[in-house]
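The following exercises practise reading a protein model step by step. Please attempt each task before turning to its solution.

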Amino acid sequence: MGASVDPLRNDRSDDEERNTVAREREVQAMLFEHGLAGICFPQEFGGQGLTPAHQNVLNEELEGFEFPSRLQAPTMSPCAAVLLDFGTEEQKRRHIPAILRGEEIWMQFLSEPSGGSDVAAALTTAVRDGEEWVLNGSKIWTTGAWWSDWGLCLARTNWDVPKHRGLTVFMLPIRQEGLEVHRIEMLNGSKEFCQEFLTDVRVPDSDRIGAIDEGWTVGTRWMFHERMLTNSALVTAPVGSRHGGSGGSTVGMLVRQAGRFSDPYVRDLVGETRMLELVDRALRQRIGQGIAQGALTDQSAAIGRLFGGTTRTRTRTIALDIAGAAGAAWTDDDGELAFSATDYLMRQVSCIAGGTTEMARNVISERVLGMPRERSLDRDVPFRDVARGTSPS
């Protein structure tokens, strides 16, 4: 038996985290050995070639059992999903089976220190040198990069075209010369978030994903898969589990530890948490079905992203409310109550990681509801001029 663990909690040593990752690789290998990995992945790449309905059944049956949560997002989605969409046959045969066996954990090198949510404003450069590319720059907010294997990296290959048109996507091993991973300490003491510094990192052209300067085509699909996250049919996520969230089971544990079952106010909070969990599950299922059937645009994944982020923020607020005084001062014997305060302080992570909820609102208004947006003056300006601050104002 086991449960999903929040990787951003500071409740494990580095050695314990490494052991947990190693164990999850073993569990993923066991799933693969018994035909339970890659339910919706093509058979030619080691998957089962089945349907999202089959994946949903597995998710239901796995509830309450140990599962490899760290190997799901972003490894299965968006990284493996992008490989399936845009990778060459050789790239897919080289990496997808290894991913499904738990041999490769992937991260996305997308956000940059200067760009925030503006992915297209990437400053990390890739310069062609024969049959290789030389990458220089920095990526940030990569959860777990220090124990991962491969990165999916968006880089700028052309400065003389508008910013959306000069991007290219590459894949690269994380542990290599010229790539430094620095860990970022968060306010709760966690050091899972990382920043990567790339200095003359060489990537063979055979590890380029998609066409040169067509990275935005890859990137828009990449961000769709990122918004789908655990709603993706490529991800194994037991029903009731939410990566980094505070679901009903956690709230129920808090109520028991706080001894507040008889408090009518607390019972209302438990009911609200359960309601949010059920709506979230139904909404994600509806969005997934709608996209698969063509009834909804794939940009509708932003709806689930927005609801999931705001819901996790609310449930962490509820958890602190239930914990009461134990959430502000605790002892080692307080268990889950001891985490409610730091979880509350970290609650906004759920609205930032995986694409901000502000960006999700923009996508919903523009691409789902079709509301017009004022045209950017920089849209047709070479990005070299935008970066220098010489574009029209």
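A residue counts as buried when its relative accessible area is under 20%, as exposed when that area is over 50%, and as partly exposed in between. The structure shown is a predicted model.

**Exercise 1. Accessibility of two cysteines**

Task: Decide whether Cys351 is buried or exposed, do the same for Cys79, and state how many disulfides the structure holds.

Solution:
- Step 1. Cys351 has a relative accessible area of 9%, and because the limit for a buried residue is 20%, Cys351 is buried.
- Step 2. The relative accessibility of Cys79 is 0%, so Cys79 is buried as well.
- Step 3. For a disulfide, two cysteine sulfur atoms must lie within 2.5 Å. A search of the whole structure finds zero disulfides.

**Exercise 2. The surroundings of Gln28**

Task: Locate Gln28, classify its accessibility, and name residues that it touches.

Solution:
- Step 1. Gln28 belongs to helix H1, which covers residues 14-33.
- Step 2. With a relative accessibility of 2%, Gln28 is buried.
- Step 3. Leaving aside residues up to four places away in sequence, Gln28 touches Ala37, Pro68, Leu71, Gln72, Met76, Ile99, Leu100, Arg101 and Gly102.

**Exercise 3. The packing of H3 and H4**

Two packed helices are described by the angle between their axes and the distance between the axes.

Task: Describe how helix H3 (residues 75-86) and helix H4 (residues 89-100) are arranged.

Solution:
- Step 1. The axes of H3 and H4 come within 10 Å and cross at roughly 160°.
- Step 2. Because angles over 145 degrees count as roughly antiparallel, H3 is roughly antiparallel to H4.
- Step 3. The crossing of H3 past H4 is left-handed.
- Step 4. On the H3 side, the contact involves Thr75, Met76, Ala80, Leu83 and Leu84; on the H4 side, it involves Lys92, His95, Ile96, Ile99 and Leu100.
- Step 5. Sorted by class, the residues of this contact are seven nonpolar, two polar and one charged.

**Exercise 4. The packing of H5 and H8**

Task: Describe in the same manner helix H5 (residues 215-228) and helix H8 (residues 301-323).

Solution:
- Step 1. The axes of H5 and H8 come within 8 Å, with a crossing angle of roughly 40°.
- Step 2. H5 and H8 are therefore oblique to each other.
- Step 3. H5 passes H8 in a left-handed crossing.
- Step 4. Phe224, Arg227 and Met228 of H5 meet Ala301, Ala302 and Arg305 of H8.
- Step 5. The contact comprises four nonpolar residues, no polar residues and two charged residues.

**Exercise 5. Backbone geometry**

Most residues other than glycine have a negative phi, and most peptide bonds are trans.

Task: Examine the peptide bonds from Ala73 to Pro74 and from Ser77 to Pro78, then the phi angles of Trp141 and Asp200.

Solution:
- Step 1. Between Ala73 and Pro74 the peptide bond is cis, with omega near 10°. Pro74 lies in the loop between helix H2 (52-61) and H3.
- Step 2. The bond from Ser77 to Pro78 is also cis, with omega near 15°. Pro78 is part of helix H3.
- Step 3. Trp141 has a positive phi, near 65°. Its place is in the loop between strand E3 (132-140) and strand E4 (150-156). At a relative accessible area of 46%, Trp141 is partly exposed.
- Step 4. Asp200 likewise has a positive phi, near 50°. Asp200 is found in strand E7, residues 194-204.

Methods
Residues numbered from 1 in each chain as written. Predicted model: local features only at pLDDT ≥ 70, side-chain atom pairs only at ≥ 80, totals over all residues. Heavy atoms only, no water. Buried < 20%, exposed > 50% of the residue type's maximum accessible area, 1.4 Å probe, protein only. Axes fitted to C-alpha atoms, helices over the stretch in contact; angles between N-to-C directions. Helix = DSSP H or I, 4+ residues; strand = E, 2+ residues; numbered from the N terminus. Parallel < 35°, antiparallel > 145°, perpendicular 65-115°, else oblique. Left-handed = near helix turned anticlockwise from the far one by under 90°. Contact = heavy atoms within 4.5 Å. Nonpolar A, V, L, I, M, F, W, Y, C, P; charged D, E, K, R; others polar.
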